[in-house]
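Some labels for parts of a protein rest on a cut-off. The turns below set values against those cut-offs.

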Amino acid sequence: MRMDVCDYVLIYGFKVGSVNNQDMYEDMKSRIDSSVANGFITDEIKDKHKGFLEWNSNITKNDHHSIVQILINGWDPQGIFDADGNRLPTLVYLSREKRRGWQHNFKAGSMNALIRVSSEITNAPIILNLDCDMYSNDPDAIRDALCFFLDENQGQQISYVQYPQRFSNITKNDIYANEPRATFQIELAGLDGFGATLYIGTGCFHRRESLSGKKFSYEDRTIESNSVRETKKIRSVEELELASKILANCSYEKDTLWGKEMGLVYGYPVEDIVTGLTIQCRGWKPVYYNPTKHAFLGIAPTTLDVALVQFKRWSEGLFQIFFSEHCPFIHGCGKIKLGAQMGYCIYLLWAPFSLPILAYVFVPALCLLHDVPLFPKVSSLWFVPFAYVFAARTVCSLIEDLISGSTVKGWWNLQRMWLIRRTTSYFFALIDTIYKKLGLSETSFVLTGKVSDEDLRTRYEDEIIEFGSSSVMYVIIATIAIVNLLSLVYGVFKNVIFSGFNGLIGVFTGQMIVCGIIVSLNLPVYEALLMRRDKGSIPSSVLVKSLVITSLACLIPMY
């Protein structure tokens, strides 16, 4: 059984003769940097790599024809071998055509072009999809995935095998909560029980047939091994490259089902999630597989800016799916289980989840400042339900994280990022979705271009949060921190220090607890606002804006 390695791929452990991997990488990096600096590709490089012969001064990255080059011919008896004498498989370089005035559909368009080109060259039944920053960490991952596809009882119905997205640069306590272990080991496994395995866009083995728009049917299933076309034995490399270029042209998809019923679905920032849902609604069954040894590893964001903008894009795209024809309750009605539909909505409704969280971080604090109680007295039995829900949720969350391999500090970092994401990324995703529905312009967040210098790397390894910009998201974060600190100080002085024990068990104790938790979560924010002087601290302009907003918020009458 052959496999195509599609999307953006990195190959590790490749060595020819005595050439060292690091030397090869440095040589490649030097040639790239030189070409970028000069603005053209030298004749020397063009002579070594025929693919560059197709590039000229009139070509740009957003306006060029299709380029296909078979770099390694896997059928050639005199092919390339690795250090252990194993023949390397076919490797193809593809740059799909891009022209002004044509929709290119981002990653989904790239994936669909790769699917078509690979079908022309090998038509292998299994496709591996990896992001450009990921690499294989376990050589047995392929064999494990094939075990699902080749299962005698249910293998024919398997559409894709999804591995969790893991990272190689996660700190001990995962400062930005990029790798929520309880989610990987408990939540996603639970969704898999309902047949709702999420396709997350990387680390996924696909059955080619499930991406072709076909509905699953046992009667229509064919023997997969017969579908592999031995095209290379019949046609030359040049013929295959020429035929493949047509499939990567902009006009090829015009008036076809590509992006609708075939390949990845177009029209959503999170094309992977909606594609997985669509495949499941055709009767195919996905599999979520989380082995002890991580199958693939990538690079996680090392600054708060990047992490928040990433989640903003995801949550916006997910919320758009909920309001589209692909909403699980509409598109999946009668096709997937109700539990699967509800499981999808946990993620599709990230954006509106921001509203109750924003209410919880502001309303109790502002009411405390205005002496407006929201909770019963601690001594009252009516306080028990509030205390029980809070304690049960906290203990359950902590236990899940610990049994999943996290640490207490890692769990605490997760709670902080949970708060920050829902009050910033999710909130702006909600605003942008509403703006789109009204035909208005969207908010924009420009990431600061930063060199991965030694100071930034050291701060990340020391688990110090990297701010370093005047993003409006940081204004919200700082305002929440200041409002709750001010309310907590006021509440403690008035209800504890001046009122004694009666104030400690009074009607404002619940609000002081809420403010105290939020203040504890925001300790790194206070440090970045007032104490730090490195480049990763919060700029003074953010502090000034936050103080102004806090002053205005305190004037709001609370009844």
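Q: What makes a stretch a helix or a strand here, and how many of each are there in the protein chain?
A: A helix is a DSSP run of H or I with at least four residues, and a strand is a run of E with at least two. In this predicted model, the protein chain has 21 helices and 10 strands.

Q: Why are helix 17 and helix 20 called roughly perpendicular?
A: Their axes cross at roughly 105° and come within 10 Å. Angles of 65 to 115 degrees count as roughly perpendicular, and therefore helix 17 and helix 20 are given that name.

Q: How do you know that helix 17 and helix 20 meet, and which residues take part?
A: Contact means heavy atoms within 4.5 Å. Ile-477, Ala-478, Ala-481, Ile-482 and Leu-485 in helix 17 meet Val-525, Tyr-526 and Leu-529 in helix 20. The residues of this contact are 8 nonpolar, with no polar and no charged ones.

Q: What makes a set of residues a nonpolar core, and which members of the largest one touch the most others?
A: The members must be buried residues of certain nonpolar types, joined through side-chain atoms within 4.5 Å. The largest such core has 49 residues, and Leu-304, Leu-308 and Phe-467 touch the most other members. Helix 17 gives the largest share, 11 residues. Another core, of 23 residues, lies apart and includes Leu-191 and Ala-340.

Q: What does "buried" mean, and what share of the protein chain is buried?
A: Buried means under 20% relative accessible area. Of the 559 residues in the protein chain, 49% are buried.

Notes. Residues numbered from 1 in each chain as written. Predicted model: local features only at pLDDT ≥ 70, side-chain atom pairs only at ≥ 80, totals over all residues. Heavy atoms only, no water. Axes fitted to C-alpha atoms, helices over the stretch in contact; angles between N-to-C directions. Parallel < 35°, antiparallel > 145°, perpendicular 65-115°, else oblique. Nonpolar A, V, L, I, M, F, W, Y, C, P; charged D, E, K, R; others polar. Buried < 20%, exposed > 50% of the residue type's maximum accessible area, 1.4 Å probe, protein only.
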